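The following questions and answers examine one protein chain. Please consult the sequence and the structure as you read.

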Amino acid sequence: MSANSVRAEFSNDEIERGEALFRRPCSFLKGVVDADGLPHPRELEVAFAGRSNVGKSSLLNALVGRKALARTSNTPGRTREVNFFELDDRVYLVDLPGYGYARASKRESAGWNRLIRNYLKGRAPLARVFLLIDARHGLKATDKPILELMDVSAVSYQGVLTKSDKLKQDEIEGVAEAVAGELATHPAAHPDLIVTSARTGKGLPELRAAIAALLGP
Ligand code: GTP
Ligand code: MG
């Protein structure tokens, strides 16, 4: 299997639709710490999940073309709330706290894990989770509980490799094949990957297109 066949492909029209959507205004709506604070659903809701420091907030900023809409950091564990961003008055982009941060206290990580789990398992309007995976590391043991949770809750999710600028092309292809092979064994996972870099902009048009495609015609 060539790595290209594990990548999501989009037509020019789909890419243009994604670019048009992401030219619309985007703003921070709120940070949520429990189910009571969840906002009323919009037409579409997608979330970005992944290990701490994988680049969720950076990717969200890059997607909307803003440097600091979502807070990013060298310190893992920066995002501690479920952060809602509103795009074009009809799409929620949701930045989740990272999991698997080794240096968080047990109590802290139990709290974040509960928050992430409750959101993923109970949020009906959530159309897709983009599961971010560091291209240098691939899937790890700490990703397993979230994969299983999304499988049993039937939350549709798609793998997104991040920080691809850190690797050579052939290395990316090796990781892409390994990750796609592993995700193929999960019932709720979308089969194709999107390979991205928030730094170079690689894969952003494809990710925008994937989100726009989830909106009705
Ligand atoms: P938490 O909120 O702590 O879970 O982290 P996060 O997943 O939101 O990661 P964040 O976006 O804060 O980025 C973590 C670090 O990775 C920062 O130092 C970023 O500058 C760096 N980073 C993010 N994306 C990229 C990328 O595409 N390429 C490179 N080289 N570095 C990146
Ligand atoms: Mg973050």
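**Fold and interior of the chain**

Q: In what order do the elements of the chain run from the N terminus on?
A: The model discussed here is predicted. The chain has six helices and seven strands. From the N terminus on, these elements run α-β-β-α-β-β-α-β-α-β-α-β-α.

Q: What is the radius of gyration of the chain, and why does the chain count as compact or not compact?
A: For 217 residues the globule rule gives 17 Å, and the value for the chain is close to this, so the chain is as compact as a globular protein of that length. Along the principal axes, the C-alpha atoms fill a box of roughly 45 × 35 × 35 Å. The radius of gyration itself is 16 Å.

Q: What percentage of the contacts between residues at least 6 apart in sequence join residues at least 24 apart?
A: A contact requires heavy atoms within 4.5 Å. Among the contacts between residues at least 6 apart in sequence, the share that joins residues at least 24 apart is 76%.

Q: How much of the exposed area do carbon and sulfur atoms supply?
A: Of the 217 residues, 50% count as buried. The chain exposes about 10,500 Å². The share of this area supplied by carbon and sulfur atoms is 47%.

Q: How far apart are the mean positions of the positive and negative charges?
A: The chain carries 31 positive and 27 negative charges. The distance between their mean positions is 8 Å.

Q: Is the aromatic pair of Phe84 and Tyr119 stacked or edge-to-face?
A: The structure holds four aromatic pairs. In the pair of Phe84 and Tyr119, the centres are 6.2 Å apart and the planes meet at 85°. Planes over 60 degrees apart fall in one class, and the pair is accordingly edge-to-face.

Q: Which elements does this pair link?
A: Phe84 and Tyr119 are both buried, and ring pairs join them with Tyr92 in a cluster. The two residues are 35 residues apart and belong to distant parts of the chain. The elements linked are strand 3 (residues 82-87), which holds Phe84, and helix 3 (residues 106-122), which holds Tyr119.

Q: Is Glu45 buried or exposed, and what is its relative accessible area?
A: Glu45 lies in strand 2 (residues 44-50). Beyond its neighbours within four places in sequence, Glu45 contacts residues including Phe84, Tyr92, Tyr119, Arg123 and Arg128. A residue counts as buried under 20% relative accessible area. Glu45 is therefore buried, with a value of 0%.

Key:
Residues numbered from 1 in each chain as written. Chains lettered and ligands numbered in written order. Predicted model: local features only at pLDDT ≥ 70, side-chain atom pairs only at ≥ 80, totals over all residues. Heavy atoms only, no water. Helix = DSSP H or I, 4+ residues; strand = E, 2+ residues; numbered from the N terminus. Rg over C-alpha atoms; globule rule 2.2 N^0.38 Å. Buried < 20%, exposed > 50% of the residue type's maximum accessible area, 1.4 Å probe, protein only. Areas by Shrake-Rupley, 256 points an atom, 1.4 Å probe, with all protein chains shown as cover. Lys, Arg positive; Asp, Glu negative; His and termini not counted. Charge placed at Lys NZ, Arg CZ, Asp CG, Glu CD. Phe/Tyr/Trp six-rings, centres within 6.5 Å; stacked < 30°, edge-to-face > 60°.
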